Amino acid sequence: MTIAFLDKAEAGEILPTLYRIFHDNMSPILHTDEPFPGGREGWLAAVGPALEKAPRQILLLRDGEKIAGFFQYYVNGGVFMMEEIQFREEYRGTGLFEKLYRYLVGIIPEETEYVEAYVHKTNPKSMAVLNHLGLTAVEDEPNESLLHYRGRYESLVRRYGSDI
């Protein structure tokens with residue numbers, strides 16, 4: 001398994017592949033053939049412009065040539081945010097969390113106070129990742145499809161150290 005970080009320009013070139021990842025992860029969870037309103041075109045229209053916001057990259061998990069999942073994140077105003085976390089069961093116990101954490105600690109600004117994340121309410125895989133990182137769901141403005149998680153960055157560093 002390798003981890004590749006793409007900048008937003010590179011990510012834009014592989015949006016159709018990322019849609020397949022989203023579709024393959026979410027369809028079984030939602031018990032539907034099409035997990036996003038508007039299908040593939042609706043998803044591309046929503047995600048494409050989002051890549052233009054702030055410094056943003058996409059993390060791809062690769063097993064040989066197979067793309068297994070992705071994280072999107074951006075750093076803005078001292079806040080680190082993860083979105084659309086998709087994760088496959090076969091990566092549990094592989095050291096992925098540790099590798100990801102080491103990378104994240106390297107890019108989070110020193111003045112960061114909170115780690116924040118938004119995940120689909122229907123995706124237990126995403127919630128498991130956030131729980132592993134020690135983030136908890138917080139009250140937020142009503143949203144039918146997303147849960148907002150938050151944790152103090154200093155607590156994350158205390159839990160895992162700065163050089164895991």
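**Notebook: a predicted chain, from its burial to its cores**

I began with burial, and I noted that 42% of the 164 residues of the protein chain count as buried. I keep in mind throughout that this is a predicted model.

**Entry on the surface.** I then looked up the accessible surface of the protein chain, which comes to about 8,600 Å², and I wrote down that 51% of that surface belongs to carbon and sulfur atoms.

**Entry on the elements.** Going through the secondary structure, I found 6 helices and 7 strands in the protein chain. Read from the N terminus on, the elements follow the order β-α-α-α-β-β-β-α-β-α-β-β-α. I also checked how far along the sequence the contacting residues lie, and among contacts in the protein chain with a separation of 6 or more, 64% are between residues 24 or more positions apart.

**Entry on the cores.** Which residues touch the most other members of the largest nonpolar core? I listed Leu-130, Leu-135, Tyr-149, Tyr-153 and Leu-156, in a core that has 23 residues. I next asked which elements supply this core, and I found that β2 (56-63), α4 (96-107), β5 (114-120), α5 (124-132) and α6 (153-160) each give at least two residues. Of the elements, α4 gives the most to this core, with 6 residues. I also recorded a second, separate core of 15 residues, whose members include Phe-22, Val-47, Leu-51 and Ile-58.

**Entry on Glu-116.** I turned to Glu-116, which has its place in strand β5. Is Glu-116 buried or exposed? Its relative accessibility is 9%, and because buried means under 20%, Glu-116 counts as buried. I then looked up the polar partners of its side chain, and I found a contact of 2.3 Å with the side chain of Arg-150 and another of 3.5 Å with the side chain of His-148.

**Entry on His-148.** I followed the second of these partners, His-148, to its place in strand β7 (residues 146-152). His-148 has a relative accessibility of 9% and therefore counts as buried. Seen from this end, the side chain of His-148 makes its polar contact of 3.5 Å with the side chain of Glu-116. Which residues does His-148 touch, not counting residues up to four places away in sequence? I wrote down Glu-116, Ala-117 and Tyr-118, and then Thr-136, Ala-137, Val-138 and Asp-140.

**Closing entry.** I end with the pair I followed: Glu-116 in strand β5 and His-148 in strand β7, whose side chains are joined by a polar contact.

Note on methods: Residues numbered from 1 in each chain as written. Predicted model: local features only at pLDDT ≥ 70, side-chain atom pairs only at ≥ 80, totals over all residues. Heavy atoms only, no water. Core = buried A, V, L, I, M, F, W, Y, C linked by side-chain atoms within 4.5 Å. Buried < 20%, exposed > 50% of the residue type's maximum accessible area, 1.4 Å probe, protein only. Helix = DSSP H or I, 4+ residues; strand = E, 2+ residues; numbered from the N terminus. Contact = heavy atoms within 4.5 Å. Areas by Shrake-Rupley, 256 points an atom, 1.4 Å probe, with all protein chains shown as cover. Polar contact = N/O pair within 3.5 Å; in protein donor to acceptor, adjacent residues only side chain to side chain.
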